[in-house]
Amino acid sequence: KVSVGHRYFCLMALAVYAAKCNIEEEEFMKDLESFVEPFDGISYTRNDDDRFTLEDALDAAAAGTGNVTVEILRDVNLTGIDWNPVTVSAAGYPIVTVNGNNKTITYTGTDRAIQITGGTVVINDLTVTMTNAPEGSRGINLYNGGTNAAIDVTLNNVTVNGGKAYAVNIGGGKDNKLTINASTLTGYAAINVHTSSVNHTI
């Protein structure tokens with residue numbers, strides 16, 4: 001029986017066995033994601049420090065296998081949903097590749113659809129639609145002000161329809177790198193660089 005304090009190790013072991021048994025990546029990711037809700041359900045409290053999230057599951061998989069690939073297999077509509085942005089945050093995190101498979105994430109909240117706070121991230125073939133999101137929200141947010149862990153993000157064939165939002169926002173921090181290939185970014189600003197951030201490469 002899995003208990004708080006052992007959830008991370010459990011999914012790290014799952015990743016190791018999946019790699020050793022040559023389990024297809026799509027099947028492994030479905031298995032990995034299926035544990036998030038029940039593992040979060042045994043948290044002692046609803047405080048953020050005690051929760052078990054998709055980010056925790058990806059961290060565990062990375063510890064077991066190295067690089068991580070996430071496949072988006074269907075359109076995702078987050079309209080009206082209390083959404084915490086997908087975050088990649090561990091210092092020294094391996095390469096995370098998000099294959100959008102030409103799917104669309106629709107986000108209308110006041111925060112960020114995707115947040116990256118450390119590591120190397122490649123996003124392929126994805127559309128983020130925020131046409132009804134309020135001013136000040138962000139489609140893809142790069143922020144390492146709390147950790148100063150270098151961020152290296154590549155967008156390949158990515159479309160962000162920002163509306164009143166920032167398509168890509170580079171917040172506080174330094175030494176971030178953003179590479180854009182065959183992508184379309186529109187919004188209040190296609191790329192917004194916060195005044196508190198320095199030494200970025202675009």
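Colleague: Why is aspartate 111 counted as partly exposed?

Modeller: This is a predicted model, and in it aspartate 111 has a relative accessibility of 24%. Buried would need a value under 20%, and exposed a value over 50%. Its 24% sits in between, so aspartate 111 is partly exposed.

Colleague: And what makes arginine 112 buried?

Modeller: The relative accessible area of arginine 112 is 17%. That is under 20%, so arginine 112 goes down as buried.

Colleague: How do you know that aspartate 111 and arginine 112 meet in a salt bridge?

Modeller: Their side chains come to 2.1 Å, N to O. The cut-off is 4 Å between a side-chain nitrogen of Lys or Arg and a carboxyl oxygen of Asp or Glu, so the pair qualifies.

Colleague: What makes aspartate 111 and arginine 138 a salt bridge?

Modeller: The closest N and O atoms of aspartate 111 and arginine 138 are 3.8 Å apart. That value is also within 4 Å, so this pair passes the test. Aspartate 111 lies in the loop between β4 (95-106) and β5, while arginine 138 is in strand β7 (residues 138-142), so the bridge ties together parts 27 residues apart in sequence.

Colleague: Why speak of one network for Asp111, Arg112 and Arg138?

Modeller: Salt bridges that share partners join the three residues. Aspartate 111 is bridged to arginine 112 and to arginine 138. Searching the whole structure gives 2 salt bridges.

Colleague: Let's go on to glutamine 115. Why does glutamine 115 count as buried?

Modeller: Glutamine 115, in strand β5 (residues 112-116), has 10% relative accessibility. The limit for buried is under 20%, so the label fits glutamine 115.

Colleague: How do you know that the side chain of glutamine 115 makes a polar contact with the side chain of arginine 112?

Modeller: The distance is 2.3 Å, and a polar contact needs N or O atoms within 3.5 Å, so the pair is counted. Glutamine 115 has a further polar contact, at 2.9 Å, with the side chain of asparagine 141.

Colleague: What makes asparagine 169 buried?

Modeller: The relative accessibility of asparagine 169 is 6%. That falls under 20%, so asparagine 169 is buried. Asparagine 169 belongs to strand β9 (residues 166-170), and its side chain reaches that of asparagine 192 in a polar contact of 2.7 Å.

Colleague: Leucine 185 has 15%, so why is it called buried?

Modeller: A relative accessible area of 15% is still under 20%, so leucine 185 makes the cut. Leucine 185 sits in strand β12 (residues 184-186). From leucine 185 to valine 128 the separation is 57 residues in sequence and 9.6 Å in space, C-alpha to C-alpha.

Colleague: How about glycine 119: what makes glycine 119 buried?

Modeller: At 9%, glycine 119 is under the 20% limit, so it is buried. Glycine 119 is in strand β6 (residues 119-129).

Colleague: On to the surface. What makes Ile180, Ile191, Val193 and Ile202 a patch?

Modeller: Those four residues make a nonpolar surface patch of about 310 Å². To join a patch, a residue must have over 30% relative accessible area; isoleucine 191 has 31%, so it meets that condition. At that value isoleucine 191 is partly exposed, and its place is strand β13 (residues 189-193).

Colleague: And why is the patch of Glu24, Glu25, Glu27 and Asp31 called negative?

Modeller: Asp and Glu count as negative, so a surface patch made by Glu24, Glu25, Glu27 and Asp31 carries negative charge. Aspartate 31, in helix α2 (residues 25-34), has 33% relative accessibility, between the 20% and 50% limits, so it is partly exposed.

Colleague: Why is asparagine 22 called exposed?

Modeller: Asparagine 22 has a relative accessible area of 67%; exposed means over 50%, so the word applies. Asparagine 22 is in the loop between α1 (7-20) and α2, and its phi is near 55°, a positive value in a residue other than glycine.

Colleague: What makes asparagine 102 exposed?

Modeller: Asparagine 102 comes out at 59%, over the 50% mark, so it is exposed. Asparagine 102 is in strand β4 and has a positive phi of about 60°, although it is not a glycine.

Conventions
Residues numbered from 1 in each chain as written. Predicted model: local features only at pLDDT ≥ 70, side-chain atom pairs only at ≥ 80, totals over all residues. Heavy atoms only, no water. Patch = residues over 30% accessible without salt bridge, like charges linked within 9 Å, V, L, I, M, F, W, Y side chains within 5 Å. Areas by Shrake-Rupley, 256 points an atom, 1.4 Å probe, with all protein chains shown as cover. Charge placed at Lys NZ, Arg CZ, Asp CG, Glu CD. Helix = DSSP H or I, 4+ residues; strand = E, 2+ residues; numbered from the N terminus. Buried < 20%, exposed > 50% of the residue type's maximum accessible area, 1.4 Å probe, protein only. Polar contact = N/O pair within 3.5 Å; in protein donor to acceptor, adjacent residues only side chain to side chain.
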